Amino acid sequence: MLLFTIEGSLRNITCMDIRKLQRIIVNALEDVKAQDIKVFNTSKQTALFDRVIIATGSSNRQTRALGHHVLCEVRENGGDQAKIEGLETGEWVLVDCGAAVVHIMQPQLRAFYNLEELWGANPVKMKVLEEAPAEK
């Protein structure tokens, strides 16, 4: 377990490979039909996290479901420190997964805040995983 200080507060972070973490997050978003998923490498922009993942949900209910599913999948795979914010309104749900921060937003807020402009200098290309054939 790695311990480090951010502005005077001590945080416990369990180490997980960033590629594994981003795959878990993207798969969770795809499970609940998130739209326009983007992954950005932020390791050269900030020391606080290595990835920003941005996705769109079509309604308050969907953004809440997306955030909750991401949180559950990350925790199930060892990300015990993951936290979630924004479930009250569901307009912008943020899941802090330690090395990755997930922003799930409704289309109007995503267009207004344009986080891609802030974090989008280094997009991450991910391979599309093929679905397993259904058993008969």
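Q: In this predicted model, which residues of helix 2 are buried?
A: Buried here means under 20% relative accessible area. Going along helix 2 in this predicted model, the residues that count as buried are Gln-62, Thr-63, Leu-66, Gly-67, Val-70, Leu-71 and Val-74.

Q: What do the buried residues of helix 2 pack against?
A: Helix 2 covers residues 60–76, and its buried residues include Val-70 and Val-74. Those buried residues pack against helix 1 (18–31), strand 4 (51–56), strand 5 (83–85), strand 6 (92–96) and strand 7 (100–105).

Q: How far does helix 2 reach from its first C-alpha to its last?
A: Helix 2 has 17 residues, and at 1.5 Å a residue you'd expect 24 Å. Just after helix 2 comes Gly-78, with a positive phi near 105°. As for the reach of helix 2, it is close to what's expected: 24 Å.

Q: Which element gives the most to the largest nonpolar core?
A: This core has 23 residues, and Ile-25, Leu-29, Val-70, Val-74, Val-95, Cys-97 and Val-102 have the most contacts inside it. Two or more residues come from each of helix 1, strand 4, helix 2, strand 6 and strand 7. With seven residues, the top contributor is helix 1.

Q: Which residues does Val-102 contact, leaving aside its neighbours within four places in sequence?
A: Val-102 is among the residues with the most contacts inside the largest nonpolar core. Heavy atoms within 4.5 Å count as a contact. Skip the sequence neighbours within four places, and the partners of Val-102 are Ile-25, Leu-29, Ile-53, Val-70, Val-93, Leu-94, Val-95 and Cys-97.

Q: How far apart in sequence are the parts that Arg-110 and Asp-36 tie together?
A: Arg-110 and Asp-36 form a salt bridge, their closest N and O atoms being 3.5 Å apart. Arg-110 is buried at 6% relative accessible area, whereas Asp-36 is partly exposed at 44%. Arg-110 sits in helix 3 (residues 107–113) and Asp-36 in strand 3 (residues 35–41), so the parts they tie together are separated in sequence by 74 residues.

Q: Which residues are linked in a network of salt bridges?
A: Arg-110 pairs with Asp-36, and Glu-116 also forms a salt bridge with Arg-110, with closest N and O atoms 2.5 Å apart. Put together, the network links Asp-36, Lys-38, Arg-110 and Glu-116.

Q: How many salt bridges does a search of the whole structure find?
A: One salt bridge joins the side chains of Asp-17 and Arg-19, at 3.2 Å from N to O. Asp-17 is partly exposed at 38%, and Arg-19 is exposed at 57%. Searching the whole structure, the number of salt bridges is four.

How values were computed:
Residues are numbered from 1 along each chain as its sequence is written. This is a predicted model: local features need pLDDT of at least 70, side-chain atom pairs count only at pLDDT 80 or more; totals for chains, interfaces and linings use all residues. Side-chain values use heavy atoms; hydrogens and water are left out. Helices (H or I, at least four residues) and strands (E, at least two) are DSSP runs, numbered from the N terminus. The expected span of a helix is 1.5 Å times one less than its number of residues. Buried means under 20% relative accessible area, exposed over 50%, partly exposed in between (1.4 Å probe, protein chains only). A nonpolar core is a set of buried Ala, Val, Leu, Ile, Met, Phe, Trp, Tyr and Cys residues joined through side-chain atoms within 4.5 Å.
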